Amino acid sequence: MNCKPISFHLRENPAGNLSFLEGEHDLPFEIKRAYYIYDVPADGRRGFHAHKELQQCLICIHGSCKILVDDGKEQRVYELNNPNEGLYIGPVTWREMFDFSDGAVLLALVSQYYTEEDYIRDYAQFKEYVNGGSDK
Ligand code: T46
């Protein structure tokens, strides 16, 4: 599974904590884009796709949510509930995000600019792609 939790650098202080990470140093890619997901209803479920090339790190900077990752052979569910920890997700990994707590904010730091060409949004096509076939 090309996916792993990452703990960031933490500077604790009575005046408040500070976490930081650097692209290429703490993540295996240069950060080209950031997006964030919020106001997700309790029963909201998002994702349902894989990326061909894109890598990313997901950080629940407020609240909590769960991420299902699937490499076509194995599935795992991670809970993100700590702003000092993220989940790295490599290419060709199906993902679904769910169980968002009230007010949760999920930040994604990403290796590529947005292009729909990089998405595989159909699970059967994803399985075919994993097994060496086409995504079409
Ligand atoms: C991912 C999971 C974790 C853009 O135009 N630019 C962007 O940078 C992004 C991220 C999305 N969009 C458009 C594409 C869709 O029309 O925004 C709409 C919603 O995107 P999507 O349905 O892909 O959203 P999620 O939450 O299912 O998936 C997102 C990311 O797209 C994806 O890369 O891994 O979060």
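Before I show you any loop, let me say what a strand is here, because the loops are named by the strands on either side: helices and strands are DSSP runs, a helix having at least four residues and a strand at least two, and they are numbered from the N terminus. With that in hand, please keep in mind throughout that what we are looking at is a predicted model.

Let me start with the ligand, which sits in the largest pocket. There are 13 residues around the ligand, and among these Arg33, Arg46, His51, Gln56 and Tyr119 come nearest. If we sort the residues of this shell by character, we find 5 nonpolar, 4 polar and 4 charged. Which strands supply at least two residues each to the shell? They are S4, which covers 33–38, S5, which covers 46–51, and S10, which covers 94–98. The largest share, 4 residues, comes from S5.

Now for the individual contacts with oxygen atoms of the ligand. Arginine 33 has a polar side-chain atom that lies 2.4 Å from an oxygen atom of the ligand. With glycine 47 the backbone is involved, since an N or O atom of the backbone there lies 2.8 Å from an oxygen atom of the ligand. Histidine 49, for its part, has an N or O atom in its side chain that is 3.3 Å from an oxygen atom of the ligand. As for coverage, the ligand has 650 Å² of accessible area on its own, and the protein covers 69% of that.

I would like to stay for a moment with glutamine 56, which I named among the residues that come nearest to the ligand. Glutamine 56 is found in strand S6, residues 56–62. Is this residue buried or exposed? Glutamine 56 counts as buried because its relative accessible area is 2%, and the cut-off for buried is under 20%. Its side chain is also joined to the side chain of tyrosine 35 by a polar contact of 2.9 Å.

Histidine 51 is another of the residues that come nearest to the ligand, and two loop residues can be placed relative to it. The first I will mention is proline 91, in the loop between strand S9, 85–89, and S10. Proline 91 and histidine 51 are 40 residues apart in sequence, and their C-alpha atoms are 5.5 Å apart in space. Proline 91 is partly exposed, with a relative accessible area of 25%. The other is glutamate 117, in the loop between S11 and strand S12, 119–120. From glutamate 117 to histidine 51 we count 66 residues in sequence, and 8.9 Å in space from C-alpha to C-alpha. Glutamate 117 is exposed, its relative accessible area being 59%.

Let me turn next to the loop between S4 and S5, where we find both aspartate 39 and aspartate 43. Most residues other than glycine have a negative phi. Aspartate 39, although it is not a glycine, has a positive phi of about 60°. This residue is exposed, with a relative accessible area of 68%. Aspartate 43 is exposed as well, with a value of 70%. Aspartate 43 and serine 101 are 58 residues apart in sequence, while in space their C-alpha atoms are 9.7 Å apart.

A positive phi also turns up at aspartate 99, where the value is near 55°. Aspartate 99 lies in the loop between S10 and strand S11, 105–110. Where aspartate 39 is exposed, aspartate 99 is partly exposed, with a relative accessible area of 40%.

Further along the chain we come to helix H1, residues 123–130, and the question of what caps its N-terminal end. The cap is aspartate 122, which has a side-chain oxygen 3.1 Å from the backbone nitrogen of alanine 124. After H1 comes glycine 132, whose phi is positive and near 90°.

One last pair takes us to the start of the chain. Glutamate 74, in the loop between strand S7, 65–70, and strand S8, 75–80, is 73 residues from methionine 1 in sequence and 7.4 Å from it in space, C-alpha to C-alpha. Glutamate 74 is partly exposed, with a relative accessible area of 33%.

Notes. Residues numbered from 1 in each chain as written. Predicted model: local features only at pLDDT ≥ 70, side-chain atom pairs only at ≥ 80, totals over all residues. Heavy atoms only, no water. Near = heavy atom within 4 Å. Polar contact = N/O pair within 3.5 Å; in protein donor to acceptor, adjacent residues only side chain to side chain. Areas by Shrake-Rupley, 256 points an atom, 1.4 Å probe, with all protein chains shown as cover. 1 Å grid on protein atoms, 1.4 Å probe; cavity = no way out; pocket = protein on both sides within 12 Å on 5 of 7 lines; lining within 4 Å. Sits in = over half its atoms within 2 Å of the grid points. Nonpolar A, V, L, I, M, F, W, Y, C, P; charged D, E, K, R; others polar. Buried < 20%, exposed > 50% of the residue type's maximum accessible area, 1.4 Å probe, protein only.
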